[in-house]
Amino acid sequence: MDRRAFLTNTALTAAAISSYGMMACNRLKSEDKLFLLRYDTEWWGEENEMEGFFEKLIEVHRANSIPATFFCTGNTLTNRTEVFRAFYNEVKHDALFDFQDHSFNHIGLCKKEGQGLTFEELKSDYEKSFSIHNEVFEKMPVGISLCGTPGESYKAFDVNEKTKAEFEMLANLGMKMINTYLLELDGSKEFCNYSSLGHPEIMGFPSGYSDTDWGWKNKETKGPAYILDEIKMRSGNNEHMPLMLHDWVAWQHAEDKELTHVKMFADQARKYNYKLVTHIECYQDKRIWKTTT
Ligand SMILES: [Zn+2]
């Protein structure tokens, strides 16, 4: 990207963040329990397997006012550019929909030595992904969700020089929102800022409850009922509730193609006094994450 394009993008991103921020202003309170729904959007196979997904998703999320963040792999955006461009064009002025990144090739950070990509390979993978985001969504992402990958990983960014260097790489690429991934904190419950790694401007967000577990691998024993129970339980404990869906699980492994389970989760969250939010909305409201850690 040339310098002019970069500056334009930076300005666009800043404008997008500030308009979200104004909207979010006064809406969230620091004591609010937040329901943070996201889709890691990474389908790699045949297009017809996902047919109708985005149309239904727009319909259900709008009809029920359900905010969601889409962490998209660059690979998917490259292979399905027109589908994503059409989706984005439909929702780009709608604050219910937030678009962020999930690496280009679904790569693992903080892997133990010999288990993953080199520092340079990781960096160029994210750069490549951000560049296709910029092409399809007309702006650079400001957040990533970490990818689950095979092999052994260190459990946090603050473990050693290797993991710290990878965090610093993300900071240098302009990231402002990353999973909470610090030794002292429960990453499924806590927001944080990354001041302990020299970046108080970067928000950590809670992440958990992947549908690859309860909606796919352990669908028979858990299923959506498990999430309904967890929402109730977490509300009782006064804890935030992250929910990690995937485009392909939500569409190909659900009971129907109506996103009934997504609507059910949103209803349950509201019943138990959760505020439903996107990640960028949380980032804008610094009371949520600036004062922690
Ligand atoms: Zn993923």
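These notes go through one helix and one buried residue of a model that is predicted.

1. Helix 5 covers residues 119-137, and its length can be checked by simple reasoning: at 1.5 Å a residue, its 19 residues should span 27 Å, and its end C-alpha atoms are 27 Å apart, so the expected span and the model agree.

2. Within helix 5, the residues L122, Y126, S129, F130, I132, H133, V136 and F137 are buried. They cover an arc of only 165° around the axis, which means that they lie on the same side of helix 5. As background, an α-helix has 3.6 residues a turn, so residues three or four places apart point the same way.

3. The face of helix 5 that is turned away from this buried side carries E120 and E121, which are exposed. On the buried side, by contrast, the cover includes helix 3 (74-79), helix 4 (81-91), strand 3 (97-101) and helix 6 (161-172).

4. Just after helix 5 comes E138, and a student following the backbone there may note that E138 takes a positive phi of about 65°.

5. Turning to strand 2, which runs over residues 68-72, we find C72 in it. C72 counts as buried because it has 30 C-beta neighbours inside 10 Å, where 20 or more are needed for a residue to be called buried.

6. Once its neighbours within four places in sequence are left aside, C72 is in contact with T41, L77, F84, F99, D101 and H102. A further pair to look at is C72 and H246, which are 174 residues apart along the chain, while their C-alpha atoms are separated by 9.9 Å.

Conventions. Residues are numbered from 1 along each chain as its sequence is written. This is a predicted model: local features need pLDDT of at least 70, side-chain atom pairs count only at pLDDT 80 or more; totals for chains, interfaces and linings use all residues. Helices (H or I, at least four residues) and strands (E, at least two) are DSSP runs, numbered from the N terminus. The expected span of a helix is 1.5 Å times one less than its number of residues. A residue is buried if 20 or more other C-beta atoms lie within 10 Å of its own, exposed if 12 or fewer, and partly exposed in between; C-beta atoms are placed from the backbone. The arc is that of the directions from the helix axis to the C-beta atoms. Two residues are in contact if their C-beta atoms, placed from the backbone, lie within 7 Å.
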